[in-house]
Amino acid sequence: MSAAGEKIKRFSVNDVLARKGGTPLVSLTAYTAPMARLLDPHCDFLLVGDSLGMVVYGMDTTLSVTLDMMIRHGAAVVRASRRAMVVVDMPFGTTGEGPGVTFRHAARLLAESGAQAVKIEGGEEMAETVEYLVLRGIPVMGHIGLRPQMVNVMGGYRTQGRDARAAEQIVADARALENAGAFSIVIEGTVAALAREITRTVTVPTIGIGASVECDGQILVAEDLLGLFTEFTPRFVRQYASLAGEVDRAVAAYADDVKNRRFPGTAEMVAPL
Ligand code: KIV
């Protein structure tokens, strides 16, 4: 419900599909209720990305993120948002054992988090699984190009599709996901011309991250955009604020007040009866 009492309709798969070639889709990652509440009015969809392993839990990669973590964070984001569609990442190890097992994990993820869709990293090799899920009621967002769950196979986080053969494979990945019924495809870390070609080739919206302004939408990690995650900043991030500095200033002022007995003040203490 809105403040005026009317029911707010959440963004849906059909709303995403309708934006192909239109006004670009706006999306950010959200992992917690307070952040979801702040981002919800501005975003068409919120992604509970497995990047939370690195951003929230301080892990080196996303590989140790579990299904239970994704369910808990997904549920928090669903509870704190009203307008944006909520998409939750299938974490490493939950999609590789074929359609049946993946369906069980994805169904649990949606049922227990209340999210509207899942995102799965992978291309052609995941097409059969994506089709199986979609035919059984689970909307799937694809994720091609740089796939962080493949970090050990790729030998690091490198731009993908630089040579003709690799680029052809990524186009084939996009086509396979579209044919399997994915309702949109994240393209991460590819050369811009390739992301543009894929966007022109497939009929579902593409969502770029370090890809191309010609994608049908863009996504960033919210903590990167806000300057809250300072471990490293990928080249493709535009920082719209430097909140880490603000936090540092605020906490330093609090520490100073505590040490000098300026906090709490009279107004911040319980008044005598
Ligand atoms: O895990 C994640 O946050 C993602 C996006 C950045 C696309 O996959």
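Is Arg196 buried, partly exposed or exposed? Arg196 is partly exposed, because its relative accessible area is 28%. Here, buried means under 20% relative accessible area, exposed means over 50%, and partly exposed is in between (1.4 Å probe, protein chains only).

Before we go on, please keep in mind that this is a predicted model: local features need pLDDT of at least 70, side-chain atom pairs count only at pLDDT 80 or more, and totals for chains, interfaces and linings use all residues. Residues are numbered from 1 along each chain as its sequence is written, and side-chain values use heavy atoms, with hydrogens and water left out.

## Charged pairs

Side chains of opposite charge can pair when their charged atoms come close. In this report, a salt bridge is a side-chain nitrogen of Lys or Arg within 4 Å of a carboxyl oxygen of Asp or Glu. Searching the whole structure turns up 13 salt bridges. The table shows some of them.

| Positive partner | Negative partner | N to O distance |
|---|---|---|
| Lys9 | Asp15 | 3.3 Å |
| Arg196 | Glu214 | 3.8 Å |
| Arg262 | Asp256 | 2.7 Å |

Let us return to Arg196, which forms a salt bridge with Glu214. Arg196 sits in helix 9 (residues 192-201) and Glu214 in the loop between strand 7 (206-209) and strand 8 (217-220), so this pair ties together parts that are 18 residues apart in sequence. Helices (H or I, at least four residues) and strands (E, at least two) are DSSP runs, numbered from the N terminus. Glu214 is partly exposed, with a relative accessible area of 37%.

How do the other partners sit? Lys9 counts as exposed because its relative accessible area is 61%, while Asp15, at 25%, is partly exposed. Asp256 is partly exposed at 38% relative accessibility, and Arg262 is partly exposed at 46%. Elsewhere, salt bridges that share partners link Arg19, Asp44 and Arg83 into one network.

## A charge without a bridge

Which side chain of opposite charge is nearest to Asp173? It is Arg147, 4.7 Å away, and Asp173 is buried yet has no salt bridge. For this search, Lys and Arg count as positive and Asp and Glu as negative, while His and the chain ends are not counted. You can find Asp173 in helix 8 (residues 164-180). Not counting residues up to four places away in sequence, Asp173 touches Gly123, Glu124 and Ile144, where contact means heavy atoms within 4.5 Å.

## A residue listed by UniProt

An unreviewed UniProt entry lists Glu188 for "active site". UniProt positions are given in the numbering used here, feature names are shortened, and annotations may be inferred rather than shown by experiment. In the model, Glu188 lies in strand 6 (residues 184-188). Glu188 counts as buried because its relative accessibility is 13%. Its contacts, leaving aside neighbours within four places in sequence, are His143, Ile144, Gly145, Leu146, Pro148 and Ile209.

## Distances along the chain and in space

Ala30 is in the loop between strand 1 (25-29) and helix 2 (33-39), and Ala30 is buried, with a relative accessible area of 1%. How far apart in space are Ala30 and Ala222? Their C-alpha atoms are 6.8 Å apart, although the two residues are 192 residues apart in sequence. Leaving aside neighbours within four places in sequence, Ala30 is in contact with Ala36, Leu39, Leu46, Leu47, Val48 and Val77.

Now look at Gly100, which lies in helix 5 (residues 99-113) and is partly exposed at 29% relative accessibility. Gly100 and Gly114 are 14 residues apart along the chain, and 21 Å separates their C-alpha atoms.

## Around helix 11

Val247 belongs to helix 11 (residues 243-259) and is partly exposed at 42% relative accessibility. Together with Leu228, Leu243 and Val251, Val247 makes a nonpolar surface patch of about 290 Å². Patches are made of residues with over 30% relative accessible area and no salt bridge: like charges are joined within 9 Å, and nonpolar side chains (Val, Leu, Ile, Met, Phe, Trp, Tyr) within 5 Å. Accessible areas come from the Shrake-Rupley method with a 1.4 Å probe; for residues, only the protein chains shown count as cover.

In the segment after helix 11 you will find Arg261, which has a positive phi of about 55 degrees although it is not a glycine. Arg261 is exposed, at 77% relative accessibility. Pro264 is also in the segment after helix 11, and a cis peptide bond with an omega of about -5 degrees joins Phe263 and Pro264.
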